[in-house]
Amino acid sequence: METLSSSSSSIMNSRVTRNQVEILRNCVSEQPITEIMSLEGRTNRTKFRRQVLRPLIDAGWLEMTVPDNPTGRRQKYRLTEEGRNLLPKMEKPEE
């Protein structure tokens, strides 16, 4: 488990943007892709999934509510337990 945390920390320190933190903050409750895309003013769902959501899912911080149908109209996204634990650390300024 510690390995995941240290791995997540290095991902967090090197790759997470302010926009991604904002997305995580808004996905505490389940959100449809349209709602999440509006945070960044994006319109292309495919690129948004690939460039923004996929890295957060791969890091283990975000999950799909219907993983068997990633492009389904009822698909929503929410924070994982790891994402909930890391979010406060992401929001703190570096000392």
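**Close-up views of a predicted model**

Of the 95 residues in the protein chain, 32% count as buried. Keep in mind through all the views that this is a predicted model.

**View 1. The whole chain carries five helices and three strands.** Reading from the N terminus, the elements go α-α-β-α-α-β-β-α. The accessible surface adds up to about 6500 Å², and carbon and sulfur atoms own 46% of that. As for links across the sequence, take the contacts with a separation of 6 or more: 46% of them join residues 24 or more positions apart.

**View 2. The three strands make an open sheet, ordered S1-S3-S2.** The pairing here is antiparallel. Which strands stand at the edges? Those are S1 (31-32) and S2 (62-64); each has a single partner strand, so one side of each is left without a neighbour in the sheet. As background, strands in a sheet pair through backbone hydrogen bonds, in either a parallel or an antiparallel way.

**View 3. Here S1 meets S3, with two bridges joining the antiparallel pair.** One residue to look for is Pro32, which stands opposite Lys76 in S3. Lys76 itself belongs to the uncovered face of S3.

**View 4. On to S2 and S3 (residues 76-79), an antiparallel pair held over three bridges.** How do the residues match up? Leu62 has Leu79 of S3 as its bridge partner, and for Met64 the partner in S3 is Tyr77. Both of those S3 residues, Tyr77 and Leu79, sit on the covered face of the strand.

**View 5. S3 has two faces, one covered and one uncovered.** Tyr77 and Leu79 make up the covered face, while Lys76 and Arg78 make up the uncovered one. That fits a general pattern: in a regular strand, side chains alternate between the two faces of the sheet.

**View 6. Now zoom in on Glu63, a residue of strand S2.** Is Glu63 buried or partly exposed? With a relative accessibility of 30%, it counts as partly exposed, because the partly exposed class lies between the 20% and 50% cut-offs. Glu63 and Tyr77 are 14 residues apart in sequence, yet their C-alpha atoms are 5.6 Å apart in space. Setting aside neighbours within four places in sequence, Glu63 is in contact with Lys76, Tyr77, Arg78, Leu79 and Thr80. So in this view you can pick out Lys76 and Arg78 from the uncovered face of S3, as well as Tyr77 and Leu79 from the covered one.

**View 7. Helix H2 (residues 18-26) crosses helix H3 (residues 33-40) at roughly 145°.** Their axes come within 10 Å, and the crossing is right-handed. Which residues make the contact? From H2 there are Asn19, Glu22, Ile23 and Asn26, and from H3 there are Ile36, Leu39 and Glu40. By type, the contact splits into three nonpolar, two polar and two charged residues.

**View 8. Last stop is Gln20, which also lies in helix H2.** Is Gln20 buried or exposed? Its relative accessibility is 9%, so Gln20 counts as buried, the cut-off being under 20%. For a sense of distance, follow Gln20 across to Leu39: the two are 19 residues apart along the chain, with 9.9 Å between their C-alpha atoms. Leu39 is one of the H3 residues in the contact with H2.

Definitions and conventions:
Residues are numbered from 1 along each chain as its sequence is written. This is a predicted model: local features need pLDDT of at least 70, side-chain atom pairs count only at pLDDT 80 or more; totals for chains, interfaces and linings use all residues. Side-chain values use heavy atoms; hydrogens and water are left out. Two strands pair if DSSP finds at least two bridges between them. Helices (H or I, at least four residues) and strands (E, at least two) are DSSP runs, numbered from the N terminus. Buried means under 20% relative accessible area, exposed over 50%, partly exposed in between (1.4 Å probe, protein chains only). Contact means heavy atoms within 4.5 Å. Accessible areas come from the Shrake-Rupley method with a 1.4 Å probe; for residues, only the protein chains shown count as cover. Axes are lines fitted to C-alpha atoms, for helices over the stretch in contact, and angles run from 0 to 180 degrees between N-to-C directions. A crossing is left-handed if the near helix is turned anticlockwise from the far one by less than a right angle, and right-handed if clockwise. Ala, Val, Leu, Ile, Met, Phe, Trp, Tyr, Cys and Pro count as nonpolar, Asp, Glu, Lys and Arg as charged, and the others, Gly among them, as polar.
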